[in-house]
Amino acid sequence: MSIFGSILSAIFHHAKAATPDTTSPANANQQPSAAATAAPGTVPPAGTPVNVDAVLSSLAAQNGQNLNWKESIVDLLKLLGLDSSLDARKKLATELAYSGNTEDSASMNIWLIKEVRQKLAENGGKIPAGL
């Protein structure tokens, strides 16, 4: 799986896990949400975006580290339990068609966090304004 695919899958998997179980007797009359029925890594149907901020905030609350996942690609990857090494970030940059110099890791990292947010939005993620 691609690195971005792993990011997408991790976020959508946690969104699915956070959705109430509609198969239990208490929830039997409820219809499952599209986010709940989507397989990990798939795009939810139109009109049912995954609230990326809520999913990541929930993960951050459960995490013992103080991670700045809103501004740092390294911290976002750590929060999702993914490889945050420079090599992994260079591979992600290549995957997302980064045209800059991957040796300038600061510029690459800034581009990566913005591009990942954009790609999440394009793939069914709801990204709050200003993020």
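Q: Where in this predicted model does alanine 97 lie, and why is alanine 97 called exposed?
A: Alanine 97 sits in the loop between α5 and α6. Its relative accessible area is 57%, and the word exposed is kept for values over 50%, so alanine 97 counts as exposed.

Q: What makes the phi of alanine 97 worth a remark?
A: The phi of alanine 97 is near 65°, which is a positive value in a residue other than glycine. Most residues other than glycine have a negative phi.

Q: Why are α5 and α6, the helices on either side of that loop, called oblique to each other?
A: The axes of helix α5 (residues 86–95) and helix α6 (residues 105–122) cross at roughly 55°. Angles under 35 degrees count as roughly parallel, those over 145 as roughly antiparallel, and those from 65 to 115 as roughly perpendicular, while the rest count as oblique. An angle of roughly 55° belongs to none of the three named ranges, and the two helices are therefore oblique to each other.

Q: What else describes how α5 passes α6, and which residues make the contact?
A: The axes of the two helices come within 10 Å, and α5 passes α6 in a left-handed crossing. On the side of α5, the contact is made by Leu86, Arg89, Lys90, Leu92 and Ala93, and on the side of α6 by Ser105, Met108, Asn109, Trp111, Leu112 and Val116. Sorted by class, the contact has seven nonpolar, two polar and two charged residues.

Q: How do you know that serine 84 is buried?
A: Serine 84 has a relative accessible area of 16%, and buried means under 20%, so serine 84 is buried. Serine 84 is found in the loop between α4 and α5, where, leaving aside its neighbours within four places in sequence, it is in contact with Val74, Leu77, Lys78 and Arg89.

Q: Why does isoleucine 11 count as buried?
A: Isoleucine 11, which lies in helix α1, has a relative accessibility of 0%. That value is under the 20% limit for buried residues, and isoleucine 11 therefore counts as buried. Not counting residues up to four places away in sequence, isoleucine 11 touches Val50, Val52, Val55, Leu56, Leu80 and Leu120. The C-alpha atoms of isoleucine 11 and valine 50 are separated by 8.4 Å, although these residues are 39 residues apart along the chain.

Q: What makes leucine 56 a buried residue?
A: Leucine 56 lies in helix α3 and has a relative accessible area of 3%, and because this is under 20%, leucine 56 is buried. Leaving aside its neighbours within four places in sequence, leucine 56 is in contact with Ile11, Trp69, Leu76, Leu79 and Leu80.

Q: Which residues have the most contacts inside the largest nonpolar core, and which element gives the most to it?
A: The largest nonpolar core has 30 residues, and those with the most contacts inside it are Ile7, Ile11, Leu56, Ile73, Leu92 and Val116. Two or more residues come from each of α1 (3–18), α3 (52–62), α4 (73–79), α5 and α6, and α1 gives the most, with eight residues. In soluble globular proteins, nonpolar side chains tend to be buried together. Isoleucine 73 touches Arg89, Leu92, Asn109, Leu112, Ile113 and Val116, not counting residues up to four places away in sequence.

Q: How do you know that aspartate 53 touches residues distant from it along the chain, and which residues are they?
A: Contact means heavy atoms within 4.5 Å, and aspartate 53 touches Trp69, Lys70, Lys126 and Pro128, not counting residues up to four places away in sequence. Aspartate 53 is found in helix α3, and its C-alpha atom and that of isoleucine 127, 74 residues apart along the chain, are separated by 6.5 Å.

Q: How many helices and strands does the protein chain have, and in what order do its elements run?
A: The secondary structure comes to six helices and two strands, and from the N terminus on the elements run α-α-β-α-α-α-α-β. Buried residues make up 37% of the 131 residues in the chain. Among contacts between residues at least 6 apart in sequence, 53% join residues at least 24 apart.

Methods. Residues are numbered from 1 along each chain as its sequence is written. This is a predicted model: local features need pLDDT of at least 70, side-chain atom pairs count only at pLDDT 80 or more; totals for chains, interfaces and linings use all residues. Side-chain values use heavy atoms; hydrogens and water are left out. Axes are lines fitted to C-alpha atoms, for helices over the stretch in contact, and angles run from 0 to 180 degrees between N-to-C directions. Helices (H or I, at least four residues) and strands (E, at least two) are DSSP runs, numbered from the N terminus. A crossing is left-handed if the near helix is turned anticlockwise from the far one by less than a right angle, and right-handed if clockwise. Ala, Val, Leu, Ile, Met, Phe, Trp, Tyr, Cys and Pro count as nonpolar, Asp, Glu, Lys and Arg as charged, and the others, Gly among them, as polar. A nonpolar core is a set of buried Ala, Val, Leu, Ile, Met, Phe, Trp, Tyr and Cys residues joined through side-chain atoms within 4.5 Å. Buried means under 20% relative accessible area, exposed over 50%, partly exposed in between (1.4 Å probe, protein chains only).
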